[in-house]
Amino acid sequence: MAETQLADVLVEMADTLVDEFDVIDFLHVLTERCVQLLGISAAGLLLTDQQDTLQVVAASSERTRLLELFQLQTDQGPCVDCFRTGQPVSVADLPAAGRWPRFTAAATEVGFAAVHALPMRLRSEVIGALNLFDTNPGALDEGKLRIGQALADVATIGLLQQRAIHRRDIVTEQLQTALNSRILIEQAKGVLAERHHLDVADAFALLRSGARSHNRRLSELAQAIVDGSEQMIPPGDATSRPS
Amino acid sequence: MVLSFGSAVFGWGGAMNADRSMRLWSLAVEHAHGRPVTIEHVCAAVISAAGVDSAAVTVMLSATPRETIYTSDQVASDLEELTLTLGEGPCVDAFAGSPALVADLAAPDCLARWPVFAPAAAQAGVRAMFALPVQVGAIRLGVMCLYRVQPGDLDRGQLSDALVSADTACALLLDKAQRDPARGDGRWPEQSGPHHPEVHQATGMIIVQLGVTAAVALVRLRAYAYAHDRRLRDVAGDVVARRLRFAPDADGDQGRGCS
């Protein structure tokens, strides 16, 4: 059954890649599928900004506290170690491991007990990490780690699209574009949150469902919302809230 | 001012970035010789840090035509003129949002991509050029272009220095919109990278609160932080938590607290 699921996810991802696709949306779906396939609580993707700092570009949930936890790993935590060494980092019981005190305290506060980080590798370079969290302590078994690594590799491929990547400058161009798209989406979340009295996580959900239902690229719609050239009507807005 | 170099501008976000950014800013301050730091000095700093020969910054706001606000020498002026005349080239591509890094303008793929610009640029004596967007999400201010006589890639450190310099130029331009002449206190302009999403969320909220463009919203947010001597991300956090609203009023840039 798990294999069928995995096959479905890989087919879904491959389909996305051949369409005209939005990289942030693609990575967001990938993190959601990680949660489903691996039976974990949360997943996030961090990319290097080419100034050797990791930045969050997508997460299975846009809850602010979760995003903060991912972002906390710009200077310590399993993702930093994974990024620096290019090796997976797996911690079955975070408090017992006694590493990264600040990160551990923050993760424990949000309710996470186990954490894993898998490298996004491009030949000899590491361009980011896939970060997995679970509320239950425990290791990921060999099979799940392999699936996780396969998904991290799919993320790398998706990020770099179908272009023949033989020069570092193209990687930089793609990474910088992805990071700027992420900023754009935050700006659009702010517009929607303010206009429709939502919290920012709900604003993201609204943006994403809008992109889905109108078959639009996430960043394109975000741009239109920030420009003010398009507006969105949240479901039930007319009846549930005063204007 | 409380915030000086290397102070609490950064918390848990990008310590290495901060070092690089501070180093480049110090270099720009040196080039300014006690005068306010401007784009010119940021360009002088990046020319030496990234090992290039010339630099230019062009601003392209949708309301105005493309305007080159600084060129370091005649070669940079000529190349900017060429871009403007031909309407193609790495600088045009970079304005669409991605850096365009060109190790050799005489390479076949470059000649195919920019059939008119690439040979003309090589003719003008430039073999490598690196065009970096000056932008924050939807806010596209312009492009920083670096030119080099010798072909070849920037190495990793040079590329990072170039990217940080483009962000510094962006912060300077945003702040200049609010305060002219440029600040004279040598204070480092806090940059708006991806590591503080609340800054961008707050920008979006201020767009709606003031009915302004994203660029103006970010300018207002930055001006408020500057005027109140607070970190940008702390002020942004207040906006996102709805402890602070910006209201259009006489002074324009005064956010009014409401609790």
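Of the 259 residues in chain B, 52% are buried, where buried means that 20 or more other C-beta atoms, placed from the backbone, lie within 10 Å of the residue's own. This is a predicted model, in which local features need pLDDT of at least 70 and side-chain atom pairs count only at pLDDT 80 or more, while totals for chains, interfaces and linings use all residues. Residues are numbered from 1 along each chain as its sequence is written, and chains are lettered from A in the order in which they are written, with ligands numbered from 1 likewise.

Chain B has 10 helices and 7 strands; these are DSSP runs numbered from the N terminus, with H or I over at least four residues for helices and E over at least two for strands. Take its contacts with a separation of 6 or more: 59% of them join residues 24 or more positions apart. A contact here is a pair of residues whose C-beta atoms, placed from the backbone, lie within 7 Å.

Now split chain B up. An automatic or database domain assignment gives domain 1 (15-178) and domain 2 (197-257). The C-alpha centres of the two domains of chain B sit 29 Å apart, and each domain puts 8 residues into their contact. On the domain 1 side, α7(B) gives the most, with 4 residues.

Over in domain 2's stretch, look at α8(B) and α10(B) (residues 232-240). Their axes come within 8 Å and cross at roughly 50°; axes are lines fitted to C-alpha atoms over the stretch in contact, and angles run from 0 to 180 degrees between N-to-C directions. The two helices are therefore oblique to each other, the label for whatever is not under 35 degrees (roughly parallel), over 145 (roughly antiparallel) or 65 to 115 (roughly perpendicular). Among the residues that meet are B:Ala202, B:Met205 and B:Ile206 from α8(B), and B:Ala236 and B:Val240 from α10(B).

What does α8(B) do at the contact with chain A? The contact takes 35 residues from each of chains B and A, and α8(B) supplies the largest share of the chain B side, 10 residues. Other elements giving two or more residues to that side include α1 (15-32) and α7 (156-178) of chain B.

From the chain A side, pick up α3(A) (residues 64-71), where A:Leu66, A:Leu67, A:Leu69, A:Phe70 and A:Gln71 are buried. These buried residues pack against α8 of chain B together with β1, β2, α6 and β5 of chain A.

Key
Two residues are in contact if their C-beta atoms, placed from the backbone, lie within 7 Å. A residue is buried if 20 or more other C-beta atoms lie within 10 Å of its own, exposed if 12 or fewer, and partly exposed in between; C-beta atoms are placed from the backbone.
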